[in-house]
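Visitor: Could you teach me how to read a protein structure, one feature at a time? I am new to this and would like to learn with an example in front of me.

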Amino acid sequence: MARIVINRIPTRVHGLDTVLNGGLLSGGLYLFIGGPGTGKTVLASEICYRLAESGERALFFTTLAESHGRLLSHTSGFSFFDDSLIQDSIRYLSASAALTEDSPEALRALIMSAVHEFKPRVVVIDNLEAVSEAYESRNAYKQFLHSMSTLAGLQDCIVIGLVSTSETDANSLGQIHADGVLKLTTGNRQLRSARELYVSKFRGSGFLEGRHLYTITGEGVHVYPRTEALYPRPGHVPGEDAARLGFGIETLDRMLKGGFQAGTTTLAAGATGTGKTVLGLHFLAEGARRGEPGIYLGFNETVPRIIGKGKHLGLPLDEHVARGALYLHWEPLKENLIDAISERLIELVEQSETKRLVIDGVDAFRHFPHYAERLPLFFAALSNELRALGVTTYATDEVAGLTGTEVQLTMRGISGQFDNLLFLRHVEYQAELKRLLSIIKMREGDYDPSLREFQISGHGIELAPTFESARRILTGMAEER
C-alpha cells in the first residue's frame with residue numbers, strides 16, 4: 001500500500017517549528033488556546049505574515065473580538081508587519097455580520113467561498129467562542145469544526161482557530177475534533193512574568209513535549225525550546241585517544257598529564273578572588289595560540305574589563321579577538337531565560353567552530369530560570385550538546401566563604417555533570433592569604449593529586465613546581481623565600 005505523504009508548512013516563527021518538529025501539517029485544523037493577553041492573535045498574525053513573505057497567502061477572519069482597524073493598529077507595531085502584503089497576500093474579512101444578522105451557516109458559507117476564491121495556505125478564525133455561541137447546539141458546532149477540517153484537507157491549507165478561554169473541558173473547546181492543540185499561558189513566578197507554550201495534541205507528528213518559555217517583543221513571538229528537551233541524548237563521547245588541551249601553564253599541564261581531554265567539561269570552584277577567571281583566560285589564550293577558536297561567556301565583567309584584565313596578566317586577548325580566534329560575550333544579569341542563553345551559545349559555537357569554551361560564573365544561572373529545579377538537567381543537556389560539537393568546556397563557580405577546605409557549590413546537583421573538578425582556595429597564614437590549587441577529580445586519565453601554591457602576577461598564574469610550599473603553609477611551617 002502506498003504511503004500518503006502530508007506536506008508540512010513551516011510557521012517561520014522563531015523556535016516554534018523546532019517544537020513542532022518542522023511546522024504544522026497541511027490539511028489540518030489547529031487550535032491556539034489561551035487566556036486574554038497570552039499572545040494568540042499575535043502568534044497567528046505573525047504566521048500569516050511570515051508565510052506571506054515567502055509567497056503564500058493568508059485569510060484572517062475576525063468575529064466579535066476585535067475590529068479590523070484595531071487589529072491592524074495593534075499588529076502594525078511588530079517588525080513582521082508589512083502593509084504592502086495586505087489584500088494581495090493577506091486578506092482580512094469580518095464575520096460579525098454573518099454571526100449577528102444572518103446565521104452560523106452564513107459564516108460557514110462565507111469562509112468556504114473566500115477560501116475557494118483566494119486559495120490561501122493558512123486560514124485564521126478569531127475567535128471560536130463567538131462561533132460556538134452562535135450555534136444552538138454543541139452538535140451543530142461540532143459539524144462546523146468538521147467542515148473546517150474537511151475544507152483544510154480539500155484546499156491543502158491549515159485552519160487555525162483562536163480560543164480565548166481557560167476552560168479545560170476538551171469537548172467545549174473542540175479539542176477532540178482538532179488535529180493539533182497549542183496552549184499558551186502566562187503567569188508570575190517570584191515577581192517575574194513567565195509565558196509558556198506547550199503542545200497538548202498533534203496528530204501525525206512528533207513534537208517536543210513539555211512546556212517551553214516564550215517571549216513577545218517588537219520582533220514578534222520568540223519560542224525557546226526547553227534545552228533538556230531539545231538535547232535529550234548524550235552526543236559524541238571522547239575516546240581514550242582524544243587530544244589533551246592544556247592551559248599553557250607548565251606546572252599545571254604537567255599535573256594534568258598534558259591537559260584535560262578534548263570534549264570534556266571542567267568546573268573550577270573557589271571563593272571570590274582565588275583566580276578562577278584568570279585560569280579560564282589562560283585556557284582560552286593557550287587555545288588561541290594553538291589555533292583552537294574559543295568563546296568567553298561571562299556574567300559579571302564586561303568585555304572591555306576582560307580585555308584589560310588580560311593585558312595585566314600578559315595575555316593578548318585583544319589580539320586574539322581581532323584575528324577572530326577568540327570571541328568575548330557578556331551576558332548582563334537581568335530577567336533573562338536560560339534557554340535563550342543556551343540558544344545563543346550554541347549558535348556562537350556553530351558559527352565560529354569553537355574548540356574551547358569558558359563559562360565564567362555558572363552560579364549566575366540561578367538568577368535566570370523560572371524553575372530552579374531544571375538546572376541539573378539543563379546543564380547535563382547543554383554539556384552533551386557541547387561535547388557533541390567537539391567543545392572542551394571550562395566553567396567557574398563561586399563557593400561560599402573566603403577561606404576553607406570544603407567545596408560548597410552554590411547550586412546543588414551540578415557538580416556531577418562535569419567530568420573534571422578543580423578547587424581553588426585561600427589559606428590564611430600569618431595575616432596573609434595564600435592561594436592553593438588542587439585537582440579533585442578527572443574522569444578521563446591520570447593526574448597529580450597534590451596541592452600546589454600559586455600566585456597571580458603580571459605574567460598570569462605561576463604555580464609552584466612541587467607541593468612543598470603548600471605543605472609548609474598548611475602545617476604552619478612556611479618560610480620566607
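Guide: Let's start with helix H15 in this predicted model. Of its 14 residues, 11 are buried, so H15 is largely enclosed by the rest of the structure.

Visitor: Which residues of H15 are buried?

Guide: They are Leu375, Phe378, Phe379, Ala380, Ala381, Leu382, Ser383, Asn384, Glu385, Leu386 and Arg387.

Visitor: And what do the buried residues of H15 pack against?

Guide: Two helices, H9 (227-230) and H14 (338-352), and three strands, E14 (265-270), E17 (356-360) and E18 (392-398).

Visitor: How would I check the length of H15?

Guide: Compare an expected span with the one in the model. At 1.5 Å a residue, the 14 residues of H15 (residues 375-388) should span 20 Å, and the end C-alpha atoms are indeed 20 Å apart, so the two agree. After H15 comes Gly390, with a positive phi near 80 degrees.

Visitor: Can we look at one contact of this helix from the other side?

Guide: Take Leu345, which sits in helix H14. With 3% relative accessibility, Leu345 counts as buried. Setting aside neighbours within four places in sequence, Leu345 touches Leu382 as well as Ile295, Leu297, Leu357 and Ile359. Leu345 and Leu357 are 12 residues apart in sequence, and their C-alpha atoms are 9.7 Å apart in space.

Visitor: Let's try another helix. Which residues of H7 are buried?

Guide: In H7 the buried residues are Tyr141, Phe144, Leu145, Ser147, Met148, Leu151 and Ala152. Looking down the axis of H7, you find these buried residues within an arc of 155 degrees, so they line one face of the helix.

Visitor: What does the face of H7 turned away from the buried side carry?

Guide: That face carries the exposed residues Asn139 and Leu154. You can repeat the length check here: the 18 residues of H7 (residues 138-155) should span 26 Å at 1.5 Å a residue, and its end C-alpha atoms are 26 Å apart, which agrees. Just after H7, Asp156 has a positive phi of about 55 degrees.

Visitor: Now the rings, please. How is a pair of aromatic rings described?

Guide: By two values: the distance between the centres and the angle between the planes. In this structure the count is 16 aromatic pairs. For Phe60 and Tyr92, the ring centres are 5.5 Å apart and the planes are at 40 degrees, so this pair is tilted. Phe60 belongs to strand E4 (residues 58-62) and Tyr92 to strand E5 (residues 90-94), so to speak a link between distant parts of the chain, 32 residues apart. Phe60 and Tyr92 are both buried.

Visitor: Which residues do ring pairs link into a cluster?

Guide: Tyr49, Phe78, Phe80 and Phe81. Rings can have a charged partner too: Arg57 lies over the face of Phe118, 4.9 Å from the ring centre. Likewise, Arg356 lies over the face of Phe283, 4.5 Å from the ring centre.

Visitor: One last feature: how many disulfides does a search of the whole structure find?

Guide: Zero. As for individual cysteines, Cys48 is buried at 1% relative accessibility, and Cys157 is buried at 0%.

Visitor: Where is Asp179 found, and is it buried or exposed?

Guide: Asp179 lies in the loop between helix H8 (170-173) and strand E8 (180-189). Asp179 is buried, with a relative accessible area of 14%. Apart from neighbours within four places in sequence, its contacts include Gly27, Tyr30, Ser149 and Lys201.

Methods. Residues numbered from 1 in each chain as written. Predicted model: local features only at pLDDT ≥ 70, side-chain atom pairs only at ≥ 80, totals over all residues. Heavy atoms only, no water. Phe/Tyr/Trp six-rings, centres within 6.5 Å; stacked < 30°, edge-to-face > 60°. Helix = DSSP H or I, 4+ residues; strand = E, 2+ residues; numbered from the N terminus. Buried < 20%, exposed > 50% of the residue type's maximum accessible area, 1.4 Å probe, protein only. Lys NZ or Arg CZ within 6 Å of the ring centre and 35° of its normal. Expected span 1.5 Å × (residues − 1). Arc of directions from axis to C-beta. Contact = heavy atoms within 4.5 Å. Disulfide = S-S within 2.5 Å.
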